[in-house]
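These are my notebook entries from a session spent looking up cores, helices, contacts and strands in one model.

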Amino acid sequence: MNNHVELTFKSVSENEAFARVAVAAFVAQIDPNMDELTEIKTVVSEAVTNAIIHGYEEDSNQDVYISCTLTDNSLSVLIEDKGMGIDNIDLAKEPLYTSKPELERSGMGFTIMENFMDKVEIISYPGEGTKVKMTKDLQTSQTMCK
Amino acid sequence: MQLQTQFTVIQDVLIVRLDGELDHHSAARLKIEWQEQLRHQGVKHVILNLDSLQFMDSSGLGVVLGRYKEVKQLGGEMIVCSVNPAVKRLFNMSGLFKIVRLEMNEDYALSSLGVAS
């Protein structure tokens, strides 16, 4: 199975649910298990929320980009914003660290992404935006049939 | 799916039942409603029932942590019950179970606070 989809949507919080459901629907074609689907929905939700809150500081007139690729039983997701970027990526990745404690952020976003996916890569430049590239190998029923 | 919230007060316990999906979008309204409920006369403890919660991400952890701090100010305790395995993983990952007690269901949670349901 080789397939690809791209999405662009406005940086409004209503689209957090849209994004995770859309990616889950795309991945459903290779028949992932329920745990894998939940993990994928959660990490998409985390990265899109980061783009909206941190990348664009809740400016709803910006765009968030998602690109998903399925190669055999591996999923690759790229979530991108063209917002303010991250000054210190190592600090941002620390569990419980948040740059916005006043908004009751838990600081667990990147920790969850790293726990639920096989690989997480963050490419970010201040003033240019942030790309979060994540990959996950899925234990699909196709694998089990081999 | 939108988040539906039901608040019930029994003696000094506020029961919060969530149904649907808790993310950054739904967390904003939940925070306001929950804070309003905590201002009710005599409320001290909170039981958070997640039996019908279908999805939660780290924004949910933030709201729970925020309310935990307010319950602590009231001298009360926060208990979470009927947690599904996916949400349990998030709570474990963030260390929230070190400060928020886990009970199997609402009845156990109530009786642990000395309230007959």
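**Core.** I began with the largest nonpolar core of this predicted model, which holds 60 residues. Val23(A), Val43(A), Val44(A), Met113(A) and Ile47(B) are the residues that touch the most other members. I then asked which element gives the largest share of this core. Helix α2 of chain A, residues 34-55, does so with eight residues.

I followed Val44(A) further, setting aside its neighbours within four places in sequence. Val44(A) is then in contact with Ala19(A), Arg20(A), Val23(A), Val77(A) and Ile79(A).

**Helix α1 of chain B.** I checked the length of α1(B), residues 24-38, against its end C-alpha atoms. At 1.5 Å a residue, its 15 residues should span 21 Å, and because the ends are 21 Å apart, I recorded agreement. I next listed the buried residues of α1(B): His24(B), His25(B), Ser26(B), Ala27(B) and Trp34(B). I also looked up what covers them, and found that the cover includes α1 (14-27) and α2 of chain A, together with β2 (13-22) and α2 of chain B.

**Helix α2 of chain B.** I repeated the length check on α2(B), residues 58-73. Its 16 residues should span 22 Å at 1.5 Å a residue; the end C-alpha atoms are 23 Å apart, which agrees. The buried residues that I noted in α2(B) are Ser58(B), Ser59(B), Gly60(B), Leu61(B), Gly62(B), Val63(B), Val64(B), Leu65(B) and Arg67(B). Just after this helix, I found Gly75(B) with a positive phi of about 80 degrees.

**Contact between the chains.** I looked up how many residues each chain brings to the contact: 18 come from chain B and 19 from chain A. On the side of chain B that touches chain A, α1, α2 and α3 (85-94) of chain B each supply at least two residues. The largest share of that side, seven residues, comes from α2(B). By class, I recorded seven nonpolar, seven polar and four charged residues on the side of chain B that touches chain A.

**Sheet of chain B.** I traced an open sheet of five strands in chain B, with the order β1-β2-β3-β4-β5 and mixed pairing. Its edge strands are β1 (4-10) and β5 (101-103), each of which pairs on one side only. Neighbouring strands of this sheet are turned by 25 degrees against each other on average, direction ignored. I then examined β1(B) and β2(B), which pair in the antiparallel sense over seven bridges. For Val9(B), I looked up the bridge partner in β2(B) and found Leu14(B).

Terms used. Residues are numbered from 1 along each chain as its sequence is written. Chains are lettered from A and ligands numbered from 1 in the order in which they are written. This is a predicted model: local features need pLDDT of at least 70, side-chain atom pairs count only at pLDDT 80 or more; totals for chains, interfaces and linings use all residues. Helices (H or I, at least four residues) and strands (E, at least two) are DSSP runs, numbered from the N terminus. The expected span of a helix is 1.5 Å times one less than its number of residues. A residue is buried if 20 or more other C-beta atoms lie within 10 Å of its own, exposed if 12 or fewer, and partly exposed in between; C-beta atoms are placed from the backbone. A nonpolar core is a set of buried Ala, Val, Leu, Ile, Met, Phe, Trp, Tyr and Cys residues joined through C-beta atoms within 7 Å. Two residues are in contact if their C-beta atoms, placed from the backbone, lie within 7 Å. Ala, Val, Leu, Ile, Met, Phe, Trp, Tyr, Cys and Pro count as nonpolar, Asp, Glu, Lys and Arg as charged, and the others, Gly among them, as polar. Two strands pair if DSSP finds at least two bridges between them. Axes are lines fitted to C-alpha atoms, for helices over the stretch in contact, and angles run from 0 to 180 degrees between N-to-C directions.
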